[in-house]
Amino acid sequence: MDHCLSPLSTVKLCITPAFAPPRSAVQSPTANRFFRPLTVVAGAGAGHCEFSSLNSPLDPRTRPGKDLCTVLQNHPRLFHLSVAQELKKLADDRELALSRASLSAASHEACLHRRIAQLKEQECETVVEDFMYLLVFYKFSEIKVHLVPKLSRCIYNRRLEIWPSKDWELESLYSMDVLEMIREHVSTVIGLRAKSSVTDNWAMTKITRQTLGQAYVASILYGYFLKSASSRHSLDHILTLESQDLPLNHRTSLQFLEMCPNGNKNLLFGRIGNIQTKFQGSSRQEKTHGELRCYVMGFDPDTLQRCAKLRSKVAVNLIKNHCCALFGDDESMGSPETDEVILTSYSSLKRLVLEAVAFGSFLWDTEECIGTVYKLKEN
C-alpha cells in the first residue's frame with residue numbers, strides 16, 4: 001500500500017445567469033472530525049455561517065472505518081500501514097468464509113455456510129467502502145483541500161458561497177493536457193468561459209440543488225475517465241519508447257498489454273516503473289499540446305467504455321453515498337415543484353466541479369491501491 005455511467009462533458013446544464021502523511025494533524029472532539037482548519041462561509045448580507053473545522057459529508061459507517069478514521073486523526077504516519085493490514089485481514093476473512101462454503105457444499109449445512117459467506121462478503125464490501133473514502137480524503141488532505149461539507153449546513157437563505165476557492169491546489173494535480181480538458185469541462189458545465197475576469201467569477205447565478213448534484217456526479221465520472229485515459233496513454237507511450245528496438249510482429253503495445261495475464265501485468269508494471277522514471281522528464285517536454293485529447297478521440301467505442309466505466313461496485317456505492325450525503329437524499333428534492341433553487345457564484349460552482357473531478361481521479365487511484373491487497377467485486 002505505497003502512496004500508492006459514462007457521461008462526459010458533453011451535457012450542458014441549464015444555469016440561469018444572475019499516500020505521504022501530512023506534517024501535522026489537528027485532533028477534534030469526535031472521531032469523525034478529522035480535518036484541519038478551513039473556513040467555509042455561506043450566507044447572504046450580514047448573515048452567514050462559518051466552520052472553523054470541516055467535516056466530510058459522509059461519516060464511516062463501520063467499526064473498522066471509524067477506527068481507521070481515528071488513526072488518521074491521531075497517528076497519520078501509521079495510516080497507510082493500518083489500511084494495508086485491515087485490508088489483508090478482510091481478504092483473509094472473506095476467503096475463509098468462501099472456503100467453508102465450498103467445503104460444505106455437499107453437506108446438510110451447505111445453505112447455512114453459503115449464507116454466512118454472502119453476509120461476510122457484504123460486510124467486507126461496506127468496510128472497504130469506508131476505507132476507500134478515507135483514502136480519497138487523505139489525498140485531498142495532501143494538497144490541503146477539504147471536501148465541501150453537507151450543503152444543508154452551508155446554505156443560508158438559499159444562498160451558497162464557498163471560500164477559499166482552492167482553484168490553484170485542485171488544478172495543480174494535472175498535466176497541462178489534462179488540465180486543458182478539465183477547464184473545458186468546467187466551462188461547459190457551469191456556463192462560464194475558461195479565461196473569465198474576477199468580476200465574472202463572482203457574479204451570481206441560480207441553480208437547483210438537483211442540477212448541482214447532477215453536475216457534481218458527472219464531474220466525478222469525468223475525472224475518473226480522464227485518470228483512466230491518461231494512465232493508459234502514459235503506459236502506451238512508455239511501452240512504445242521501450243519497444244522501439246524490439247520487433248513485436250506488428251502488435252501495438254496496448255494489444256501486448258491486454259494479452260498479458262494479471263500476474264505478468266504486475267511484473268510489467270513493476271518493470272515500467274523504472275522506465276517511467278527514466279523517460280519522465282524528457283517525455284513531458286516532448287509531448288505536444290493536446291496530445292491526450294487526440295489520443296482519447298482515437299478511442300474506439302469499446303475502449304471508451306472501458307475507460308469511462310467504474311470498475312468496482314464499491315466505487316459505485318461510494319459515489320452514490322457521498323453525493324447523497326453532500327446534497328441530501330430527500331426524495332422530494334427531485335420534483336420540479338419542490339426542488340430548492342440556490343443562489344450562488346460561478347466561483348463556488350467552479351470549486352464544486354473541480355472538487356468532483358479530483359474526487360473521481362483520486363477514486364481511480366484508490367481502486368488501484370486497494371486492488372493490490374483486496375480483490376474488489378467488479379461492477
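Of the 379 residues of the protein, 46% count as buried in this predicted model. The exposed surface amounts to about 19800 Å², and carbon and sulfur atoms supply 53% of that area. The secondary structure consists of 13 helices and 6 strands.

Aromatic contacts were examined next. The structure contains 6 aromatic pairs. One of them is formed by Tyr216 and Phe327, whose ring centres lie 5.4 Å apart. The planes of these two rings stand at 70 degrees, and the pair is therefore classed as edge-to-face, the cut-off for that class being over 60 degrees. Because Tyr216 belongs to helix 7 (residues 209-242) and Phe327 to helix 12 (residues 313-327), the contact ties together parts that are 111 residues apart in sequence. Both partners lie under the 20% limit for burial: Tyr216 has a relative accessibility of 2% and so counts as buried, and Phe327, at 3%, likewise counts as buried.

A further arrangement involving an aromatic ring is found at Tyr374. Arg94 is placed over the face of Tyr374, at 4.0 Å from the ring centre.

On the surface, Trp163, Val198 and Trp202 together make a nonpolar patch of about 370 Å². Val198, one of the residues of this patch, is located in helix 6, which spans residues 198-201. The relative accessibility of Val198 is 62%, and the residue therefore counts as exposed, since the term applies to values over 50%.

Terms used:
Residues are numbered from 1 along each chain as its sequence is written. This is a predicted model: local features need pLDDT of at least 70, side-chain atom pairs count only at pLDDT 80 or more; totals for chains, interfaces and linings use all residues. Side-chain values use heavy atoms; hydrogens and water are left out. Patches are made of residues with over 30% relative accessible area and no salt bridge: like charges are joined within 9 Å, nonpolar side chains (Val, Leu, Ile, Met, Phe, Trp, Tyr) within 5 Å. Accessible areas come from the Shrake-Rupley method with a 1.4 Å probe; for residues, only the protein chains shown count as cover. A salt bridge is a side-chain nitrogen of Lys or Arg within 4 Å of a carboxyl oxygen of Asp or Glu. Helices (H or I, at least four residues) and strands (E, at least two) are DSSP runs, numbered from the N terminus. Buried means under 20% relative accessible area, exposed over 50%, partly exposed in between (1.4 Å probe, protein chains only). Rings of Phe, Tyr and Trp (its six-membered ring) pair if their centres lie within 6.5 Å; planes under 30 degrees apart count as stacked, over 60 as edge-to-face and the rest as tilted. A charge sits over a ring if NZ of Lys or CZ of Arg is within 6 Å of the ring centre and within 35 degrees of the ring normal.
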